[in-house]
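Let's walk through this model together, starting with the overall outline and then moving in to single residues. Keep the 3D view open and turn it as you read.

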Amino acid sequence: MTKKNKENPFLIYSGMGIQMIVIIVAGVYLGKFIDEKMENETIWFTLFFSLLAVGIAIYTALKDLINPNK
């Protein structure tokens, strides 16, 4: 294995963390946007999309951890 093929684990895991943060923040803002457009008093869409985004973020992180070569 040459230096070119080695990947720094710090870069891999920090990239996964940043990816998770971006997915969760996007879910929260999508839910907030829908709640504001529908003029809801409760934040049901924000809660739903934030929880959905957390699930998606965990799924993508686990997928990358189980099979890191793809």
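Two residues are in contact here when they have heavy atoms within 4.5 Å of each other. Keep in mind, too, that what you are looking at is a predicted model.

Begin with the whole chain. Its secondary structure consists of two helices and zero strands. The C-alpha atoms occupy a box of roughly 60 × 15 × 15 Å along the principal axes. The radius of gyration tells a related story: the protein chain has 17 Å, while a compact globule of 70 residues would have a value near 11 Å. Of the 70 residues, 16% count as buried. The accessible surface comes to about 6,000 Å², and carbon and sulfur atoms contribute 69% of it. As for charge, there are 7 positive and 6 negative side chains, and the centres of these two sets lie 22 Å apart.

Now follow helix α1, which covers residues 9–37. Is the helix as long as its residue count suggests, or does it fall short? At 1.5 Å a residue, its 29 residues should span 42 Å, and the end C-alpha atoms are indeed 42 Å apart, so the two values agree. The buried residues of α1 are Met16, Gly27, Gly31 and Asp35. Part of their cover comes from α2, residues 44–66.

Between the two helices runs a loop, and Glu39 is found there. Its phi is near 55 degrees, a positive value in a residue other than glycine. For comparison, most residues other than glycine have a negative phi. Glu39 is exposed, because its relative accessible area is 68% and the cut-off for exposed is over 50%.

Beyond the loop comes α2. Its 23 residues should span 33 Å at 1.5 Å a residue, and its end C-alpha atoms are 33 Å apart, which agrees. The buried residues of α2 are Thr46, Phe49, Ser50, Ala53, Ala57, Thr60 and Ala61. The cover over them includes α1. It helps to recall that an α-helix has 3.6 residues a turn, so residues three or four places apart point the same way.

What does Thr46, a residue of helix α2, touch beyond its sequence neighbours? Leaving out residues up to four places away in sequence, Thr46 touches Val28, Gly31, Lys32 and Asp35. Two of these partners, Gly31 and Asp35, appear among the buried residues of α1. Thr46 has a relative accessible area of 14%, and buried means under 20%, so Thr46 is buried. Met16, by contrast, is 30 residues from Thr46 in sequence and 23 Å away in space, C-alpha to C-alpha.

Further along helix α2 you will find Thr60. With 13% relative accessibility, Thr60 counts as buried. With the same four-place neighbours left out, Thr60 touches Gln19 and Ile23. Val28 lies 32 residues from Thr60 along the chain, and their C-alpha atoms are separated by 17 Å.

Ile58 also lies in helix α2. At 43% relative accessibility, Ile58 counts as partly exposed. Its C-alpha atom is 7.4 Å from that of Met20, although the two residues are 38 apart in sequence.

Finally, step back to the contacts of the chain as a whole. Among those between residues at least 6 apart in sequence, 50% join residues at least 24 apart.

Conventions
Residues are numbered from 1 along each chain as its sequence is written. This is a predicted model: local features need pLDDT of at least 70, side-chain atom pairs count only at pLDDT 80 or more; totals for chains, interfaces and linings use all residues. Side-chain values use heavy atoms; hydrogens and water are left out. Helices (H or I, at least four residues) and strands (E, at least two) are DSSP runs, numbered from the N terminus. The radius of gyration is taken over C-alpha atoms; the globule rule is 2.2 Å times the number of residues to the power 0.38. Buried means under 20% relative accessible area, exposed over 50%, partly exposed in between (1.4 Å probe, protein chains only). Accessible areas come from the Shrake-Rupley method with a 1.4 Å probe; for residues, only the protein chains shown count as cover. Lys and Arg count as positive and Asp and Glu as negative; His and the chain ends are not counted. The place of a charge is taken as NZ of Lys, CZ of Arg, CG of Asp or CD of Glu. The expected span of a helix is 1.5 Å times one less than its number of residues.
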